Amino acid sequence: MKKIILLACSFFVCFLVFCQSPAVDEVAVRGFAIAAPARDGVGRFVNFINEELAFYRINTLILRVDYNYRYTSHPELVGESALSATDVEQIVKACREHGIRIIPQINLLGHQSWAGTVGKLLEVYPEFDETPHVNLPENYEWPNPDGLYCKSYCPLHPEVHDIVFALIDEITGVFEADAFHAGMDEVFYIGDEKCPRCGGRDKAVLYAEEVARIRDHLSLSAKELWIWGDRLIDGKTTGIGMWEASMNNTHRAIDMIPKDVMICDWHYERADPTAVYFAVKGFNVVTCPWRKEDVAVAQLDQLLTNRKNATPEMRDRFRGLVHTVWTGTENFLDAYYSEKENEDKPDDQVTCFKTLFGAIRRVRGEETGTKRIRDRR
Ligand SMILES: [Zn+2]
């Protein structure tokens with residue numbers, strides 16, 4: 001009998017301890033990545049933050065700002081109708097009120113052009129172009145003989161970093177950010193053989209050195225670097241290919257870059273289980289879906305399974321999920337508020353957003369849908 005009482009007592013103590021333990025957040029990063037709005041869309045975007053991001057408990061907002069801000073450090077790089085400091089202040093205030101961490105993004109290294117249009121950096125500083133011999137066509141088509149997807153800047157140009165680091169400092173300052181997203185995805189032009197500085201060098205080393213340079217600059221002010229993960233995955237061996245992984249030998253950079261860089265592991269067509277690869281290598285990782293809700297839900301399942309089965313050392317490297325949107329902010333919000341026919345159905349971004357964050361709410365034990373009856377599925 002004594003034994004039974006003792007056993008019962010110990011179960012009771014365990015129960016009390018369990019109840020008093022702080023809840024572990026299985027989806028610590030609940031992120032959303034989208035382009036910064038145009039000036040005349042700031043008000044609606046702030047409403048979206050106040051109403052929707054807050055409702056879904058989204059706590060991380062990656063904003064692709066690029067040259068859509070009135071930089072005072074480099075006014076020559078300010079895009080048309082760029083956001084003012086006052087516009088940014090409204091976004092920052094809304095996010096602060098809802099505990100949302102803003103991570104501004106400027107695409108560095110790759111994505112310096114889009115289709116037939118050169119980006120602002122290379123427009124103003126054409127000498128930074130890694131492949132000046134490749135002309136942008138009037139009617140862009142993929143594939144093309146130049147293998148042109150987007151232009152890159154030359155990471156070994158002696159003047160490029162003074163400029164981009166000034167932009168980083170200014171944009172993280174105005175957004176009051178403690179992290180910066182440098183993009184660095186889909187870099188097809190790197191170590192071009194005709195580049196007098198990069199030609200003949202190891203592309204993995206060139207990539208890793210550029211990541212480390214940006215990371216080191218940010219660490220001077222205790223800020224974190226976030227990048228997309230595709231260049232660090234071997235596209236050939238995995239079969240993942242040239243978009244969501246690397247076919248130009250940059251993947252060995254995974255063993256050369258600092259471990260405190262946050263990896264945004266994006267997969268849009270399948271739930272490729274590559275987050276494990278990054279976690280095994282010692283990186284914190286977030287998994288990023290786009291517009292397929294079944295993929296997004298499978299990625300959430302993977303996150304929970306990975307965390308459940310991992311060692312304590314590995315578990316918290318699986319940080320969470322970041323839903324990405326790749327149309328203009330205005331288009332996304334038009335579709336979100338049903339102001340315009342959603343053009344990319346059935347695999348649409350709005351449905352994916354609501355399904356994913358609805359599922360995360362259920363995982364975290366939050367009440368479901370009483371305020372958002374229209375979202376019920
Ligand atoms: Zn170069």
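## Notebook: a barrel and its surroundings

I began at Pro143, which I found in the loop between helix H4 (120–124) and helix H5 (160–174). The peptide bond that joins Trp142 and Pro143 is cis, with omega at about 0°. For the names of the elements I follow DSSP runs, numbered from the N terminus, where a helix (H or I) has at least four residues and a strand (E) at least two.

Before going on I noted that this is a predicted model, in which local features need pLDDT of at least 70 and side-chain atom pairs count only at pLDDT 80 or more, while totals for chains, interfaces and linings use all residues. Residues are numbered from 1 along each chain as its sequence is written.

**The barrel**

I next asked in what order the eight strands close into a barrel. The order is E1-E2-E3-E6-E7-E8-E9-E10, and the pairing is parallel; two strands count as paired if DSSP finds at least two bridges between them. On average, neighbouring strands of this sheet are turned by 25° against each other, direction ignored.

I then looked up some of the pairs one by one. Strand E3 (residues 101–108) pairs with E6 in the parallel sense over two bridges, and Leu108 has Gly183 in E6 as its bridge partner. E6 in turn pairs with strand E7 (residues 224–228), again in the parallel sense, over three bridges; here Ala179 has Glu224 in E7 as its partner. Further round, I found four bridges, in the parallel sense, between strand E8 (residues 262–266) and strand E9 (residues 285–288), where Asp265 is matched with Thr287 in E9.

For a residue within a strand I chose Leu63, which sits in strand E2 (residues 60–64). Leu63 is buried because 26 other C-beta atoms lie within 10 Å; the cut-offs are 20 or more such atoms for buried, 12 or fewer for exposed, and partly exposed in between, with C-beta atoms placed from the backbone. Leaving aside neighbours within four places in sequence, I list Ile34, Ala36, Ile102, Pro104 and Gln105 as the contacts of Leu63, a contact being a pair of C-beta atoms, placed from the backbone, within 7 Å. The C-alpha atoms of Leu63 and Ile34 are separated by 5.4 Å, although the two residues are 29 apart along the chain.

**The annotated residue**

Which residue does the UniProt annotation "active site" cover? The record, an unreviewed entry, names Glu186, and I kept in mind that such annotations may be inferred rather than shown by experiment. I located Glu186 in the loop between strand E6 (179–183) and helix H6 (203–219). With 19 other C-beta atoms within 10 Å, Glu186 is partly exposed. Apart from neighbours within four places in sequence, Glu186 is in contact with Gly110, His111, Tyr149, Cys150, Asp230 and Trp243.

The same kind of record, also marked unreviewed, places "domain: Glycoside hydrolase family 20 catalytic" at residues 82–289. I noted that this span is 29% helix and 15% strand, and that its end C-alpha atoms lie 28 Å apart.

**Two helix pairs**

Helix H2 (residues 42–55) and helix H3 (residues 85–97) have axes that come within 9 Å and cross at roughly 10°; axes are lines fitted to C-alpha atoms over the stretch in contact, and angles run from 0 to 180 degrees between N-to-C directions. H2 and H3 are therefore roughly parallel to each other, a term for angles under 35 degrees. Among the residues that meet are Val42 and Phe45 in H2, and Asp87 and Gln90 in H3.

Helix H9 (residues 293–309) and helix H12 (residues 349–363) pack at an angle of about 25°, with their axes 8 Å apart. That makes H9 roughly parallel to H12.

**Two residues with positive phi**

Arg57, in the loop between H2 and E2, has a positive phi of about 60° although it is not a glycine. Arg57 counts as partly exposed, with 16 C-beta neighbours inside 10 Å. Glu176 is not a glycine and yet has a positive phi of about 50°; I found Glu176 in the loop between H5 and E6, where 15 C-beta neighbours inside 10 Å make it partly exposed.

Notes
Two residues are in contact if their C-beta atoms, placed from the backbone, lie within 7 Å. Angles under 35 degrees count as roughly parallel, over 145 as roughly antiparallel, 65 to 115 as roughly perpendicular and the rest as oblique.
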